[in-house]
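Here are some short exercises to work through at your own pace. Keep the sequence and the model open beside you as you go.

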Amino acid sequence: ALPVIYAITPTYSRPVQKAELTRLANTFRQVARLHWILVEDAAVRTELVSRFVARDGLTCTHLHVPTPRRYKRPGLPRATEQRNAGLAWLRQRYQHLLPPQPGVLFFADNDNTYSLELFQEMRTTRKVSVWPVGLVGGRRYERPIVEKGKVVGWYTGWRADRPFAIDMAGFAVSLQVILSNPKAVFKRRGSQPGMQESDFLKQITTVEELEPKANNCTKVLVWHTRTEKVNLANEPKYRLDTVKIEV
Ligand code: UDP
Ligand code: MN
């Protein structure tokens, strides 16, 4: 059987949330053997997301964990607690299954754009695989530089001193590696902006070990798109609509 792809998606409440989740689900629905781990940044599972998950037609695990207030500040890394909750769920689920069924994990933010080809590429991950990411780091793309099948450096416009100069959308990890490194997590303390990926990858692999995908990292199959903030300037303060509508 094909290895299962586990996609960990942190999500939080805002006017575009349901639109973003709808678009993401429409992509995931076209991918075989995908297990969606949707982690709400919230104190409870919200009704909107619960209803969405019940109808999305996907294999989905719906978790929640709130980001502590003190970490909700510009410049601080986002979704640390949510990604860790996804990792913890996977570890707890599979710690007693020996050998675990083959699987591949990746971190799928709710606003990126994913080519279906990306899933074919990551499915063959043995330990940790990497590929280019479009529209990120102040450039058209960032990518691992590959020589003779090995990653030897990073093409990036931003903080080239990062040990792994790669966006969250640019790598996948085998379930086996996640299970055999039970302490590897995303860190809050001491983590600088943009160092989340490096801090995490350092705990589980080395640059030499990385497996380049997407034709030796020469194809962009995922884009770090960002959704514009919606204009709600004309929302009524009184004379509200006569029906209550979920958007
Ligand atoms: N996120 C979250 N809580 C927040 C802000 C963001 O869970 O308070 C999630 C968001 O849903 C996304 C990920 O963290 O999956 C990255 O956030 P965003 O896309 O806003 O960041 P950027 O595109 O700037 O990296
Ligand atoms: Mn984003």
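**Exercise 1. What span should helix α3 (residues 80-94) have, and how far apart are its end C-alpha atoms?**

Before you start: this is a predicted model, in which local features need pLDDT of at least 70, side-chain atom pairs count only at pLDDT 80 or more, and totals for chains, interfaces and linings use all residues. Residues are numbered from 1 along each chain as its sequence is written, while chains are lettered from A and ligands numbered from 1 in the order in which they are written.

*Step 1.* Helices (H or I, at least four residues) and strands (E, at least two) are DSSP runs, numbered from the N terminus.
*Step 2.* The expected span is 1.5 Å times one less than the number of residues.
*Step 3.* With 15 residues, α3 should therefore span 21 Å; its end C-alpha atoms lie 22 Å apart, in agreement.

**Exercise 2. Find which residues of α3 are buried, and what covers them.**

*Step 1.* Count the other C-beta atoms, placed from the backbone, within 10 Å of a residue's own: 20 or more means buried, 12 or fewer exposed, and in between partly exposed.
*Step 2.* The buried residues of α3 are Thr 80, Gln 82, Arg 83, Asn 84, Ala 85, Gly 86, Leu 87 and Leu 90.
*Step 3.* Contact requires C-beta atoms within 7 Å. The cover over these buried residues includes β1 (4-11), β2 (34-40), β3 (59-64), β4 (103-107) and α5 (175-180).

**Exercise 3. Lay out the seven-stranded open sheet and work out which strands stand at its edges.**

*Step 1.* Strands pair if DSSP finds at least two bridges between them.
*Step 2.* The order is β3-β2-β1-β4-β10-β6-β11, and the pairing is mixed.
*Step 3.* β3 and β11 (211-212) are at the edges; each has a single partner strand, so one side of each has no neighbour in the sheet.
*Step 4.* Now look at one pair: β4 joins β10 (residues 171-174) in the antiparallel sense over three bridges. Leu 105 sits opposite Val 173 in β10.

**Exercise 4. Describe Asn 216 from its location, exposure, backbone and record.**

*Step 1.* Asn 216 belongs to helix α7 (residues 214-217).
*Step 2.* It counts as partly exposed because it has 17 C-beta neighbours inside 10 Å.
*Step 3.* Its phi is near 55 degrees, a positive value in a residue other than glycine.
*Step 4.* An unreviewed UniProt entry places the feature "glycosylation site" at Asn 216; UniProt positions follow the numbering used here, feature names are shortened, and annotations may be inferred rather than shown by experiment.

Notes
Two residues are in contact if their C-beta atoms, placed from the backbone, lie within 7 Å.
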